[in-house]
Amino acid sequence: MEAFKSHTGLVGPVDRVNVDTDAIIPKQFLKRIERTGFGQFLFFEWRFTEGGEEIPDFNLNKPRYKGASVLLSRANFGCGSSREHAPWAIQDYGFKVIIAPSYADIFYNNCFKNGILPIKLSEEQVEELFQRTAGQEGYKLTVDLENKIISDEAGLSIPFDIDEHRRQFLLLGLDDIGLTLQHEDKISDYEAAHVSRLGARP
């Protein structure tokens, strides 16, 4: 997993509460067995008509938000079913950071496991970011995970809280497997000793 220390990116707003995982990645696209390729289906039923045409009023279809890598949304983001495909789709689309007032617990945990930084801010702070995003085309935020600060070019500076264990996981680019592999030598020694003990049995 790629290490995350700081990221500057265009903000893409999805101004809705209770964005559930079926909206993030509809169930008909869950048949793929790879982790990649889901970005094209992100928010599919909000982005496209039944005929496959882009819906121009949906923010992420607007030219000014093309290439956004910081997703801004409202409370209870990622609610609904626990499908891990939701963060896969968000990441594959190009988002590295999500900012919202609150998240569903399973989705929140899955983000960290897949190298996405979900940040919790107050309703008032999120509203200010929506206003700034709407008022300035090409609005970007810098998210500094090392110092736990969100900033913009106009002098905005917002500190954010994050569990230190999760912060270290992202800073080091570790998922659960990567954490285990840090102890690969000890695991190998244990397995060798175990095989030796089995061979010594009568």
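**Exercise 1.** In this predicted model, decide whether Arg-167 is buried or exposed, and find which residue Arg-167 meets in a salt bridge.

Solution.
- Step 1. The relative accessible area of Arg-167 is 12%. Buried means under 20%, so Arg-167 is buried.
- Step 2. The side chain of Arg-167 meets that of Glu-164 in a salt bridge, at 2.9 Å from N to O.
- Step 3. Glu-164 has a relative accessible area of 35% and is therefore partly exposed.
- Step 4. Both residues belong to helix H6 (residues 164-172), where they are three residues apart, about one turn of the helix.
- Step 5. An α-helix has 3.6 residues a turn, so residues three or four places apart point the same way.

**Exercise 2.** Describe helix H5 and state which of its residues are buried.

Solution.
- Step 1. H5 covers residues 123-135, which is 13 residues. From first C-alpha to last, H5 reaches 18 Å, close to the 18 Å expected at 1.5 Å a residue.
- Step 2. Its buried residues are Val-126, Leu-129, Phe-130 and Thr-133.
- Step 3. Viewed down the axis of H5, these buried residues fall within an arc of 105°, so they line one face of the helix.
- Step 4. The other side of H5 has Glu-124, Gln-131 and Gly-135, which are exposed.
- Step 5. Strands against which the buried residues of H5 pack include S1 (6-14), S2 (70-73) and S5 (140-144).

**Exercise 3.** Find which residue forms a salt bridge with Arg-132, and where the two residues lie.

Solution.
- Step 1. The partner of Arg-132 is Glu-128, with the closest N and O atoms 3.1 Å apart.
- Step 2. Both lie in helix H5, four residues apart, about one turn of the helix.
- Step 3. Arg-132 is partly exposed at a relative accessible area of 27%, and Glu-128 is partly exposed at 33%.

**Exercise 4.** Work out which parts of the chain are tied together by the salt bridge between Glu-127 and Arg-74.

Solution.
- Step 1. The structure holds seven salt bridges. In the one between Glu-127 and Arg-74, the closest N and O atoms are 2.8 Å apart.
- Step 2. Glu-127 lies in helix H5, while Arg-74 lies in the loop between S2 and helix H3 (85-93), so the pair ties together parts that are 53 residues apart in sequence.
- Step 3. Glu-127 counts as partly exposed, at 28% relative accessibility. Arg-74 is buried, with a relative accessible area of 12%.
- Step 4. Glu-127 and Arg-74 are also linked with Asp-15 in a network of salt bridges.

Methods: Residues are numbered from 1 along each chain as its sequence is written. This is a predicted model: local features need pLDDT of at least 70, side-chain atom pairs count only at pLDDT 80 or more; totals for chains, interfaces and linings use all residues. Side-chain values use heavy atoms; hydrogens and water are left out. The expected span of a helix is 1.5 Å times one less than its number of residues. Buried means under 20% relative accessible area, exposed over 50%, partly exposed in between (1.4 Å probe, protein chains only). The arc is that of the directions from the helix axis to the C-beta atoms. Contact means heavy atoms within 4.5 Å. A salt bridge is a side-chain nitrogen of Lys or Arg within 4 Å of a carboxyl oxygen of Asp or Glu.
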